[in-house]
Amino acid sequence: MVDHFDAPTEASATMTRTQERIPTVVVDDAHIIYRVHQGAAGGTTPVAALRRLVKRTHAPNVREVHAVKGISFTAYRGEAIGLIGSNGSGKSTILRAIAGLLPVNRGAIHTQGQPSLLGVNAALLNDLSGERNVVLGCLAMGMHPDDVAKQAAGIIDFSGINERGDFASLPMRTYSSGMAARLRFSIAAAKKHDVLLIDEALATGDKGFRRRSEQRVRELREGAGTVFLVSHQLSSVRDTCERTIWLESGVIRMDGPTDEVIRAYEAYANSK
Amino acid sequence: MATTALVDPDTGLTQAQLAARHGLRVAGERPSLVEYSRRLWAYRHFIAAYANAKLVASYSNAKLGQLWQVLTPLTNAAVYYLIFGVVLAQNSIPNFIAYLTTGLFIFNFTQSAVLAGTQSISSNLGLIRALHFPRASLPLSTTITQFQQLLASMVVLVGIVLVTGEPLTWEWLLLVPALLLQAVFNAGVVLLVARLGAKSSDLKQVMPFIMRTWMYGSGVLYSVSLFDRLPGWATTVVQYNPLLVYIELARYSLLEEAPLLNESLTQLWLVGAGWALVAGIGGFIYFWRGEQEYGRG
């Protein structure tokens, strides 16, 4: 286990190691600023819209939110890193930036391969059956059709949506939210990822599914990947991650072994 | 991972140097045009599957299901025939029903592709934010979905044209290359409006007006000979209107006596192919340049 962490915010720079460890994600002083549209103000008529298009101006009331304010850390191959913090602390934002889905305004994020973000909001096509969604989702991850055909049955079994009758052939809009989330997790977990970013997804599903998915995350890590886990359930962070980064208002408050960080975080959360 | 507390030889490195040393790439970097095309080709199965899925999904809630693929163009044709053929009685055109439906169905191919394309990024944000794939897959699969719809309406069109007394000739085969050129043109325009629509959802409100104007400039509902009354430069503009060109190509191949604005067939084919090339390549490059912006904000 990694056990020597000095100043929390510079943990990556002072990290100790045995052999050459291979970094998979290097976050270098990343700042992320969101632009939030608060709906149209200058009239919603086609004429006003056309004028804005022609002049290439933005709707006047766009607000900027500085969600991540200078974060640096390095993640290595084979690590599972938990990200904790209060709501709005920038956890999901930094995950999306690592996945390349949000630009950094300052600093840089370097990654090995293409990180995959696995969130509960990963919407597929609700009008299509679960089976078709499995095929589409796998193709969208870049899998070959032959591999998809081989793995489709396994993915549906893993998700457990067929435990109460044949749901796989029904449209996804008929699924309960838990079933849909389980299926989405199963699809995303079917592929080997260099870097897997999990946003609250392990919290879904019943006890049996949670055990299976935690097992799956462990397998993905052993396959030389790096796993990031955002969760409000400290127990699942404790079970899956040996390193934890605590974010608060867009800055790293602490970075170190899970037990220490969670203890400090709990003390902080209780004192509020 | 057991650690004996050895000092890291890399400790002196900055984050950027560490990343460079291990060959890490900047997250969300835009690939080169060639690399992008290669990736897109690798995703061809996804594009085809997604196009099929959309086609099935769009009718999954309707009782008549995919029958609407044929019913919608038929109903459209009936309404326009009632207004322009019966009420306004355009007798100057021989076989007006066939003239009208050919123009209508060809125009509708581009119109529905453009309208769907405007939203092809903005309506798939969930997918875009969850998974990494070349974003051009989405507008391209929209174009393919519309092409599949077109094939259904072409069956209807051929039926109408035959029933109204047009003879079946070898020239009908020219419809195939004409439609393919139009499909390439559509793909380019769809890529263009997909990027524009991704940035500003206002475009969705404006698009129907643009398409309506375009329709009146393409001689769909009335005889193209009306355009001769325009001043010379305006006629030239209309002559090079890509949609008018594709409609004339279809009318030329299917109908015997339809009035045409462009006298020279060679010119029609050249302009049609030119537009397909310009729109196809231009649209693709324009869309690629925005690749890292989709799904953000």
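UniProt annotations may be inferred rather than shown by experiment, and their positions are given here in the numbering of the model. The structure described is a predicted model. For chain B, the unreviewed UniProt entry places the feature "transmembrane region" at residues 70-90, 96-117, 138-162, 174-197, 209-227 and 268-288.

Two of these annotated spans were examined for their secondary structure. Residues 138-162 of chain B are 100% helix and 0% strand, and the C-alpha atoms at the ends of the span are 36 Å apart. Residues 209-227 of chain B are 42% helix and 0% strand, with 21 Å between the end C-alpha atoms.

Three helices of chain B, α8, α11 and α12, were examined for their mutual packing. Helix α8(B) comprises residues 175-199 and helix α11(B) comprises residues 242-254. The axes of this pair lie 9 Å apart, at an angle of about 165°. Because angles over 145 degrees count as roughly antiparallel, α8(B) and α11(B) are assigned to that class. Their crossing is left-handed. On the α8(B) side the contact is formed by L175(B), A178(B), L181(B), Q182(B) and F185(B), and on the α11(B) side by P242(B), Y246(B), L249(B), A250(B), S253(B) and L254(B). Sorted by class, nine of the residues in this contact are nonpolar and two are polar, with no charged residues.

The second pair joins α8(B) to helix α12(B), which spans residues 265-289. Here the axes come within 7 Å and cross at roughly 30°. The two helices are therefore roughly parallel to each other, and the crossing of α8(B) and α12(B) is again left-handed. From α8(B), the participating residues are A178(B), L181(B), V184(B), F185(B), A187(B), G188(B), V189(B), L191(B), L192(B), A194(B) and R195(B). The partners in α12(B) are G272(B), A273(B), W275(B), A276(B), A279(B), G280(B), G282(B), G283(B), F284(B), Y286(B) and F287(B). The contact of α8(B) with α12(B) has 16 nonpolar residues, five polar and one charged. A178(B), L181(B) and F185(B) of α8(B) take part in the contact with α11(B) and also in that with α12(B).

The remaining pair is α11(B) with α12(B), whose axes lie 9 Å apart at an angle of about 130°. This angle makes α11(B) oblique to α12(B). The crossing of α11(B) and α12(B) is left-handed. Residues P242(B), V245(B), Y246(B), E248(B), L249(B) and Y252(B) of α11(B) meet L265(B), L268(B), V271(B), G272(B) and W275(B) of α12(B). Nine of the residues in the contact of α11(B) with α12(B) are nonpolar, one is polar and one is charged. In α11(B), P242(B), Y246(B) and L249(B) contribute to the contact with α8(B) and to the contact with α12(B). In α12(B), G272(B) and W275(B) contribute to the contact with α8(B) and to the contact with α11(B).

Two loop positions of chain B were also considered. D202(B) lies in the loop between α8 and α9, the latter covering residues 203-216. D202(B) counts as buried because 20 other C-beta atoms lie within 10 Å. Its C-alpha atom is 23 Å from that of S137(B), and the two residues are 65 positions apart in sequence. N95(B) is placed in the loop between α4 (68-87) and α5 (96-118). Although N95(B) is not a glycine, its phi is positive, near 50°. N95(B) has 17 other C-beta atoms within 10 Å and is therefore partly exposed.

Chain A contains eight helices and nine strands. Of its 272 residues, 46% count as buried. Among contacts in chain A with a separation of 6 or more, 73% are between residues 24 or more positions apart. One residue with such a sequence-distant partner is A75(A), located in strand β2 (residues 62-76). A75(A) counts as buried, with 24 C-beta neighbours inside 10 Å. The C-alpha atoms of A75(A) and P23(A) are separated by 5.6 Å, although the residues are 52 positions apart along the chain. Leaving aside residues up to four places away in sequence, A75(A) touches P23(A), T24(A), V25(A), I81(A) and T226(A).

S249(A) occupies the loop between β8 (243-248) and β9 (251-257) of chain A. The phi of S249(A) is positive, about 45°, although the residue is not a glycine. With 14 other C-beta atoms within 10 Å, S249(A) is partly exposed.

Note on methods
Residues numbered from 1 in each chain as written. Chains lettered and ligands numbered in written order. Predicted model: local features only at pLDDT ≥ 70, side-chain atom pairs only at ≥ 80, totals over all residues. Helix = DSSP H or I, 4+ residues; strand = E, 2+ residues; numbered from the N terminus. Buried ≥ 20, exposed ≤ 12 C-beta atoms within 10 Å, placed from the backbone. Contact = placed C-beta atoms within 7 Å. Axes fitted to C-alpha atoms, helices over the stretch in contact; angles between N-to-C directions. Parallel < 35°, antiparallel > 145°, perpendicular 65-115°, else oblique. Left-handed = near helix turned anticlockwise from the far one by under 90°. Nonpolar A, V, L, I, M, F, W, Y, C, P; charged D, E, K, R; others polar.
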